[in-house]
Every structure is written in structure tokens, then in C-alpha cells.
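Colleague: I should be grateful for a close look at a single part of this model. Please explain each term as it arises.

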Amino acid sequence: MKKYIIGLLIGSMFLSCKDFLEERQVSNLTQDFYNNEGGLESLIKGLYVYARNKHEWDGSGARLIETETDGYQTASAPVAQFNSSEYGTDVSRIAGNINNFLGAENSSYAPMGAYPHINNCNIALDQIDQVAPGKFGTDEEFRNTRIAEIRFLRAWGYYLISNQLGAVPLLLDAKREDNGVYHYPKASLEDIYKQIIADVRFAYEHLPTTQSDQGRVTKLAAGHFLAKVYLNRAQAAGFQSSAEEHLKMLYKGNVSTDLDSVITVASEVINLAGGPVGLAPDYWTLFDPAVAETSPHPEVLWAAQFDVNQTLHSRFGNRSVNYHTGNYTNQSGVDRSMAYGRPFGTFKPTDWGYDNFHDRMYDSRFAKTFQHEYISNMPDATSSSYSWNTAAANWWNANKPADAPTVAANEKRIKQNQRAIIYVENTKETALDSAMVHSQPYQFIARWVRSAATGRYYYRLFIDGSNLGLATGAPAPYLASRKHVDPLRGGSADEANFNSEAGTRDAILMRLAETYLIRAEAYGRKGDYGLAVEDINVVRRRAAFKAGEERPQVLVKWDAQAEDLIPEEREAPYQSAANTFDKIAVSENHFTAGTVEAEKENYMPTVTSKADMFIHFIYNEKAREFMSEGLAWEDLHNAGILYERTAHFNQMASNRTGLWPVASNTANGNGQNGNGKGQMEKYHTFRPWPNAFLVRLTDENGTPLDEAARKAYQNPGY
């Protein structure tokens, strides 16, 4: 562990967070640098680099916070299936991700990750306490504001790493030298949460409601975070004596006032933010780069700062901008473009993730979250478009619109500036005619088609009839989240940057809609369902289509739910005739057994009581509101429902049988045969301690731990 500690102590890079973090790389730092006001300010500014950890570190952060849940998965089958070489050991891919998350060493850069960050926080606090240079010693308000920022950021580090590993070392003293002793016993999660809450309470009490420097934490961000950790402790309060080890490991203490504290603090944040008007009026403006990067809405309480100036980043920039975009270039006549993003095809929704949006004509979040179609941007002469075959050409010529041209076999189907791909997420019951789907002048990617000739049902066929999805080895193309698309990758809109992986967009970490749902969950856990419903409906009012707002033509024409629209809404320009809130307003019926509304929520068979239905409704709603935003894994984990929901809803992760509809293209069991494809176990809800970390641990005298001690340190199951 010497390199880890040495790198932590002598390597620091102070990186800009837009207006307020002046980049300053310092080599061979000495203690004297932090003994003056400017040096200490630089250290504190540098701590904000850790805000990027969820979205910067080469996929490790993004892989750990979003995928292998009920609604989201890795597109690569072995990872999504919890294959042991990818997921199940202390040297697997996930262990490597955790090694980075802890703080991996690097020969060229200061180590990133939780513990380098935490130690830098401790150094900053120690300098303020022991040296107090300049304003740190003369201006109490300034001093407390900076201490509040540091303690918030230290708590954020402990929150992220304890979410992954549970009990972790609790290090509160600054380490400035390497003495060869790497004795890091784990603290209980209860003690870790006491420290997190103490740190964030201090931050909440001393931070201002606004900061002139974009990216600095505020009282609102601290209050949001404080309400969330109070809720997390309350969620696990009953697990102390659980017979399920993965639930018992979540226990964080049992404080009877926690739910009341959630409500009190969340209410203060909501009031400071202006109440319901604190939400962006249009859901898409939160993610539209043309708006979000120039005038971010105050609903965003805290965001990791990235910049078009690439010198202000360290290694990667915002890598999440690459991971959520499917491969839209295969035989499509669409070349990589800045507008559509780099087609990594890394993460994708599960079928349940799509189906959970079950009010698609009235809840605008489905329309606004996903990229429903692509337009060809390639000249016809060089287009990658696939060609008409005889059967498809004959069908099209016989059934085409009167004003559409006839076509001939072997011609390219997709023309420049014309529609190239559309996606429809339908059910087996609403399967589309296979001849129609495969005879359009564009790629028509539907989940289910039915042969008019044989009556057979097929699941996710590509244009050439090959299998897509599940464990077939062909995960793309798919209906992708567009929340992260970055038209300024590499630092400008120049199309020459189409291959750049260096994202420039800020990454949302906290927003007010989540504060409302945090308070709603606390109300519901106390049995105050009426108040919970009021909070949920604040979010739903924003989600509704407004009068005159256009629905995507793809949805109106091809989604079965469009049958509910009135005739004028089914004609171009496909506008909503009225505000649709009354169609999606939530009532207690949504979590009351036997109601139509509860039936639509598709609760697991084991979820039968109103109390349990309410909890699962909240997480259904969070999946709709925060799809692909990096909250799902940690939220489900802390609520103690990650395993049961993932095993029931995520076919790739699950080892259960008979939960899904059966298709004719079962692909030797790798396709849709109705059974799960995965190996997920309950212990996977905590991550493995990487061997690279374990082998460096010592006892208090500096003697390396033996195999038995390392095994005792490891989380169960690995």
C-alpha cells in the first residue's frame, strides 16, 4: 500500500470547476504550501474534483451506481449476467472498479477515489484547526463555511464507498507520511453513519443558501443530503436482527426520530427552494444541453462540474456522456455525430425499465428520456444503409403511402436526411406484423413482432432476422437514454470531435424532485399516505404533457397506448389537446391491492400489503423520474430491495424461470425462452474488497495480514 499512501500524500492536482476552481498543478508539495490562505483555499477547491467520481473514472463510477438493477443493465451479457469472472471474485471486473473507487494509484496522476479524497479533507480540516492562515483565523463565518464544505465532501466520500462495501475504515485524522503501517480496521456502518450525519448536519447549519461560485455546495444541497442519509438509516433500522445477511449488513442504527428528521429537513429545503415552483417547468430542460449548460435550473441542487476547456479536467472528463448511447450506426445510414453521441452501447434499460413507463401518452418522461428515432446523415452514395430485398420491396410497393416512391430490390433503403431508425417497446400482446415492420424504408426496431403467415411471435429481431438482446451476444441497437448526450465532446461542436470520449457536460448529483420523493417516502413509512401522495403529485404535475406540447410521432403511430388518444391528437403535429395531469395523478389506489391503478404497477407477488406496495411504488416512480441519472443502485440497495427487485424484473441478472413471455426465437436458450439468464445472488448487493487492497493491509505493527485475516476482512460470498 506504500504507493497508494505516497501518491495520496505527495500528488495533488487542483482542477477547475468552471468559475471557481482555478487549475493549479503542484509537484513536490510541501506542508508550507497549505500554511497560507491561498494554498489552503487551493486544497479546498481541489476537493471538489471528487464530485466527479460517479461520472469520471473510466466507467468504474458509472458501472457502480446505475446498472444491474431492476431497470438498468450493462449491455455486455457476461457483466449483466453476474458472470463470476466479471462480477463474483476479488479479482473480477467489479473488484477492479471498486479498487478505482477506493483510490487506485497511478504513476502520472494523483490517485482518485474515496480515501485519497477523505485524507485530503482531513488535511484541510487539520490545517484550519492548527494553522488557521489569513481569513481562516480572522473571519469566523468564512472559516465555518469552508469547514462545512469540507465536512460535506468528506461525508460524500464515506457515503459513496459505504454504499458499495458496507462497513469500511473510518479515518478522521490527517495522514502526512508513510510509516509502513496500513492498519485499517473496518468501522461499523452505524458508526460511519453517525459521522456522516454529524458532518452533514454541520454543513447544513453553516452553509449559505446560495454560493457565487457555481459548483460549490449550498445549504440546499446539504439539507437534501442530510434528509437522504436520515432516510437511509431509517430504512435499515429493522434489519439489525435479520436472518438475511445482506439485509443485516445494511443496519445503520435505530433512531426513532429519523423519519421525522427527514420530513423536517426536506421541508426546509423545499421551502427554501420555493416549493413546487422550484422544479423546472419542463422535464427536458434539465437535460437539454442547450439550456442546462448555460442556464442550469435551480432545481439542480448540486452538480459535478465539467467544462468545454479540456485543460480543466484531469484524465477523462465526463465519461457518462458515452455510456448510455446505443449503437445507431449499424447498416443505418447514420454516421457518428455530435448530436447523437458516441455509440458505446454500454448501458441500457431492461425490458421492465421501459415497461415501467405505463402512461406513455400522458406522462412526458418516456417521450423526453429516450431517443426514439435517428435521421440519416450520410450521402446516399456512401451510405451504410442496408438494401431492399425482393419480399420487402414488394410489400412496400403494395402498401406504401400514395405519395411515396416505389422501390426495387438491391437499392439502399435509407435516404439522406430521412428517417433511419425508430424504436418501439411493445409487448407480446401488442406485437406488430413482422412483414410490415421489416418492410419500411428505415430500420424499425420493435421488441415483439408476429408473423402473419405462421402466427409465431419473435422477440427483438434485427433487420436481417438475427437475434438481438438477452444473452445472444448482440445487445444493440436499443432505445437509449438521451439525458447525457453531449454535443460539445472534446471541447466544441466541431464534427471532427465525433470520436472524442471527453465529455464536457455537468453531471447532476442532486435535484429537488428527489427531495420531494425522499419526503414522500418518509411520510409513507409513517403511514401518512395523503401527504406522501401530495408530494408525488408535485413531481407528476411536471411530468404531464402540457396543452399544445407535441408527442413524438413514433409513439403516436406505433405505440399501442396511443389508442387512448382523441382523434385530433393522433394527427400531425401530434399535440396534446390539454394538460394530462388528471390522467396520471396519483392516489392511494396506486398502492392499494385490488385496484386498477395497483394492477398497472405490476407489483411482485410477494408485495401484498399497502405498506409494502407504497415502498415499491416510490421506487417505481423513482425509476421513471431518474432513469439513467446514477441513483438507482444506491437507492434500491439502501432500501434493502435491490436483490428482490433485480431478481424479479431484470431478466439478464435473474436466475428465475417462467417470469417472462416466450418467443419462437429462443436461440438455444440464450434468447427469449421465458427464463432468467443470470447468476445474481443476495451477496452481490455488496461489492467485493479487491485483492489489490487486501494484500497491502497490515496489523498495527506493520505485519501483513495473513490469509485468514484477509478472508475475515472480505465481504461475505466473495
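Modeller: Two strands are said to pair if DSSP finds at least two bridges between them. Strands (E, at least two residues) and helices (H or I, at least four residues) are DSSP runs, numbered from the N terminus. The model is predicted, so local features need pLDDT of at least 70 and side-chain atom pairs count only at pLDDT 80 or more, while totals for chains, interfaces and linings use all residues. Residues are numbered from 1 along each chain as its sequence is written, and side-chain values use heavy atoms, with hydrogens and water left out.

Strand S10 (residues 448-450) and S11 pair in the antiparallel sense over 3 bridges. Within this pairing, Tyr 457 in S11 is the bridge partner of Arg 450. These strands belong to an open sheet of 3 strands, ordered S8-S10-S11, in which the pairing is mixed. Strand S8 (432-433) and strand S11 (457-459) are its edge strands, since each pairs on one side only.

Further along the chain is helix H21 (residues 512-525). The expected span of a helix is 1.5 Å times one less than its number of residues; for the 14 residues of H21 this gives 20 Å, and the end C-alpha atoms are 20 Å apart, which agrees. Of these 14 residues, 13 are buried (under 20% relative accessible area, with exposed over 50% and partly exposed in between, using a 1.4 Å probe and protein chains only). Gly 527, which follows H21, has a positive phi near 85°.

His 224, in helix H12 (residues 219-235), counts as buried because its relative accessibility is 1%. Leaving aside residues up to four places away in sequence, His 224 touches several residues, including Glu 514, Thr 515 and Ile 518; contact means heavy atoms within 4.5 Å.
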